[in-house]
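Me: I've got a structure to look at with you. Can we go through the ligand site and the chain around it?

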Amino acid sequence: MKKAAGFVLFRRLCGQIEYLLLKASYGDFHWSSPKGHVDPGEDDFTTALRETKEEAGYEEKDLIIHRDTPLTLNYQVKGKPKIVIYWLAELRDPNQEPILSEEHTALKWLTKEAAKECVGFKDNQDMIDKFHEMILAKDKK
Ligand SMILES: Nc1ncnc2c1ncn2[C@@H]1O[C@H](COP(=O)(O)OP(=O)(O)OP(=O)(O)OP(=O)(O)OP(=O)(O)OC[C@H]2O[C@@H](n3cnc4c(N)ncnc43)[C@H](O)[C@@H]2O)[C@@H](O)[C@H]1O
């Protein structure tokens with residue numbers, strides 16, 4: 001099974017929670033959070049950190065990571081099952097913009113509803129809802 005890992009990254013700017021999405025430079029030019037293939041022998045969390053550095057330029061020190069609450073998507077790519085593990089992470093400095101790699105041609109910071117519309121896939125939309133609820137629940141504590 002193909003396996004990938006990454007981060008659903010958000011920032012707080014002008015009182016709003018905004019999610020980062022990147023536009024693929026290949027295939028159907030889909031939008032997704034930073035993530036990528038888990039290399040042989042690599043643990044999922046290390047992959048998430050590596051891919052986020054490669055695709056967005058952010059390092060672990062730039063992020064507040066919600067390590068205990070990953071969510072998983074399962075879908076088919078070209079008829080083969082794929083699993084993607086995402087952790088939620090907040091950008092410490094909301095003004096630190098991503099540095100894109102050749103894998104992406106554009107980025108957007110979007111509110112929850114706009115991010116859900118942009119990703120399109122129902123399971124990804126549900127994941128954004130769940131992560132958003134986690135953020136609000138933690139804020140209340
Ligand atoms: N298709 C491609 N063509 C050319 N070069 C490629 C390529 N994919 C990767 N590469 C290149 O391969 C190298 C290694 O990449 P690397 O990032 O190391 O590995 P990867 O596993 O291919 O990385 P991703 O998981 O980020 O790939 P992806 O964007 O294709 O996956 P996603 O699941 O979002 O998307 C895969 C498909 O699933 C669809 N999809 C996304 N989310 C869902 C969902 N929730 N439900 C159903 N379908 C979905 C997308 O629309 C898309 O069609 C890189 O240089 C990269 O540029």
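Reply: First, a definition: helices (at least four residues) and strands (at least two) are DSSP runs, numbered from the N terminus. Keep in mind that this is a predicted model.

Me: Fine. How much of the chain is helix and how much is strand over residues 1–141?
Reply: Helix takes 28% and strand 43% over residues 1–141. The end C-alpha atoms are 39 Å apart.

Me: What does UniProt list for residues 1–141?
Reply: An unreviewed UniProt entry lists "domain: Nudix hydrolase" there.

Me: On to the ligand. Which pocket does the ligand sit in?
Reply: The largest pocket.

Me: How many residues surround the ligand, and which are the closest?
Reply: There are 16 around the ligand. Y26, D28, K35, Y75 and K82 are the closest.

Me: Which elements each supply at least two residues of that shell?
Reply: β1 (2–13), β4 (35–37), α1 (44–56) and β5 (63–77). β4 gives the largest share, three residues.

Me: How do the shell residues divide into nonpolar, polar and charged?
Reply: Eight are charged, five nonpolar and three polar.

Me: What about side-chain N or O atoms: how far is a ligand oxygen from those of Y26, K82 and E51?
Reply: For Y26, a ligand oxygen is 2.6 Å from a side-chain N or O atom. For K82, the distance is also 2.6 Å. For E51, it is 3.4 Å.

Me: And how much of the ligand does the protein bury?
Reply: The protein buries 69% of the 970 Å² that the ligand exposes when taken alone.

Technical notes. Residues are numbered from 1 along each chain as its sequence is written. This is a predicted model: local features need pLDDT of at least 70, side-chain atom pairs count only at pLDDT 80 or more; totals for chains, interfaces and linings use all residues. Side-chain values use heavy atoms; hydrogens and water are left out. A residue is near a molecule or strand if one of its heavy atoms lies within 4 Å of it. A polar contact is a pair of N or O atoms within 3.5 Å; within protein, one must be able to donate a hydrogen and the other to accept it, and residues adjacent in sequence count only if both atoms are side-chain atoms. Accessible areas come from the Shrake-Rupley method with a 1.4 Å probe; for residues, only the protein chains shown count as cover. On a 1 Å grid over the protein atoms alone, a cavity is a set of points where a 1.4 Å probe fits but cannot get out, and a pocket is an open set with protein on both sides within 12 Å along at least five of seven lines; lining residues have an atom within 4 Å of a point. A molecule sits in a cavity or pocket if more than half of its atoms lie within 2 Å of its grid points. Ala, Val, Leu, Ile, Met, Phe, Trp, Tyr, Cys and Pro count as nonpolar, Asp, Glu, Lys and Arg as charged, and the others, Gly among them, as polar. UniProt positions are given in the numbering used here, feature names are shortened, and annotations may be inferred rather than shown by experiment.
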